[in-house]
Amino acid sequence: MSTGAGITGHKIGLTSRAMQEQMGIGEPDSGFIFDGMVRSSGSCLRATEFMNPRIETEIAFRLGRYLSAPSDLDTVRGAVAEVFLAFEILDTCFTDWNISLVDSVADNAACAAVIAGDPVPFDSFWDLGTEQVTATANGAVAGTGEGRDILGDPLKALAWLTHRLPSLGTTLRTGDIILAGSVHASIPLTAGTDFHATSTRLPSIHLRVA
């Protein structure tokens, strides 16, 4: 008999210089996205659901086929079925966010929730590095970045993940959601805030925090 949460996908963290500098960690990490973590754009969260929450804006993928082995950029490009904007809610038991890479891995890379935007079909010729992303909090710009801020190309983060997961005894499956990492430094998630994010070609996302 199986118990516990199922895996819906994976998050990749610390893929941008902004996040590495903010966290003081110089290499990517990853965590699992579990059933019940993912909510749709327009959702409302309560800040009291979390301990020390922060929010990031990410470019995310849904896979159209398995990636069962370490893969190169062309292979992962061909495996992506859809792309969309996402908010990731980070949370940790470390009250000052002064954590090491080991702490982050032990804390599931601080992944607490995902707000998924509307997906669009991915064209293999799409240069996601050129996506301009802007996040606002109550109408004021809170973070900006480009797709290329994620390891030069968000798809490189996905390729990195295919090399990491076999050492953890798992691989990427058809339908998995993959968050490539934030394009800007994380922002405190505070009650009474409306977060929006837009990009050049991806549908916008919205989250209300009660």
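**Exercise 1. A salt bridge across the chain**

Task: State whether Glu 131 is buried or exposed, and determine which residue forms a salt bridge with Glu 131.

Solution. Glu 131 has a relative accessible area of 0%, so this residue is buried. The model under study is a predicted one. The next step is to find the partner. Side chains of opposite charge can pair when their charged atoms come close. Glu 131 is joined by a salt bridge to Arg 201, with 2.6 Å between the closest N and O atoms. The two residues belong to distant parts of the chain, 70 residues apart. Glu 131 sits in the loop between strand E8 (120–121) and strand E9 (132–137), whereas Arg 201 sits in the loop between strand E13 (193–198) and strand E14 (205–209). The relative accessibility of Arg 201 is 42%, and Arg 201 therefore counts as partly exposed. The bridge thus links a buried Glu 131 to a partly exposed Arg 201.

**Exercise 2. Further salt bridges**

Task: State how many salt bridges the structure contains, and describe the pairs formed by Asp 176 and by Arg 148.

Solution. The count is seven salt bridges. Among them is the pair of Asp 176 and Arg 173, whose side chains meet at 3.0 Å, N to O. For Asp 176 the relative accessible area is 2%, which makes this residue buried. Arg 173, at 33%, is partly exposed. Another of the salt bridges joins Arg 148 to Glu 146, where the closest N and O atoms are 3.1 Å apart. With a relative accessibility of 40%, Arg 148 counts as partly exposed.

**Exercise 3. The open sheet**

Task: Give the order of the strands in the five-stranded sheet, and identify which strands lie at the edges.

Solution. Strands of a sheet pair through backbone hydrogen bonds, either parallel or antiparallel. Here, five strands are arranged as an open sheet in the order E4-E14-E13-E9-E10, with mixed pairing. Strand E4 (44–45) and strand E10 (140–146) are the edge strands, each pairing on one side only. Within the sheet, E13 and E14 run antiparallel and are joined by five bridges. Phe 195 faces Leu 207 of E14.

**Exercise 4. Aromatic pairs**

Task: State how many aromatic pairs the structure holds, and classify the pair of Phe 32 and Phe 34 and the pair of Phe 122 and Trp 126.

Solution. There are two aromatic pairs in the structure. A pair of aromatic rings is described by the distance of the centres and the angle of the planes. For Phe 32 and Phe 34, the distance is 6.0 Å centre to centre and the angle between the planes is 40°, and the pair is tilted. For Phe 122 and Trp 126, the centres are 6.2 Å apart and the planes lie at 20°; this pair is therefore stacked, since planes under 30 degrees apart count as stacked.

The surroundings of the rings complete the answer. Phe 32 has a relative accessible area of 22% and is partly exposed. Phe 34, at 26%, also counts as partly exposed. Phe 122 is buried at 11% relative accessibility, and Trp 126 is buried with a relative accessible area of 11%.

**Exercise 5. Cysteines**

Task: Determine how many disulfides are found in the whole structure, and explain why Cys 44 has no bond to Cys 111.

Solution. The search finds zero disulfides. The cysteine sulfur closest to that of Cys 44 belongs to Cys 111 and is 19 Å away, which is too far for a bond; a disulfide requires the sulfur atoms to be within 2.5 Å. Cys 44 is partly exposed at 32%, and Cys 111 is buried at 8%.

**Exercise 6. Two loop residues**

Task: Describe where His 184 and Ser 71 are placed, and which polar partners their side chains have.

Solution. His 184 is found in the loop between strand E11 (177–182) and strand E12 (187–188). Its relative accessibility is 3%, so His 184 counts as buried. The side chain of His 184 makes a polar contact of 2.9 Å with the side chain of Thr 57. Residues touching His 184, beyond four places away in sequence, include Ala 18, Met 19, Ile 55 and Gly 143.

Ser 71 is placed in the loop between strand E5 (54–63) and helix H2 (73–79). With 9% relative accessible area, Ser 71 is buried. A polar atom of the Ser 71 side chain lies 2.7 Å from the backbone oxygen of Ala 69. Outside its neighbours within four places in sequence, Ser 71 is in contact with Val 76, Ala 159, Thr 162 and His 163.

Notes. Residues numbered from 1 in each chain as written. Predicted model: local features only at pLDDT ≥ 70, side-chain atom pairs only at ≥ 80, totals over all residues. Heavy atoms only, no water. Helix = DSSP H or I, 4+ residues; strand = E, 2+ residues; numbered from the N terminus. Buried < 20%, exposed > 50% of the residue type's maximum accessible area, 1.4 Å probe, protein only. Polar contact = N/O pair within 3.5 Å; in protein donor to acceptor, adjacent residues only side chain to side chain. Contact = heavy atoms within 4.5 Å. Phe/Tyr/Trp six-rings, centres within 6.5 Å; stacked < 30°, edge-to-face > 60°. Salt bridge = Lys/Arg side-chain N within 4 Å of Asp/Glu carboxyl O. Pairing = 2+ DSSP bridges.
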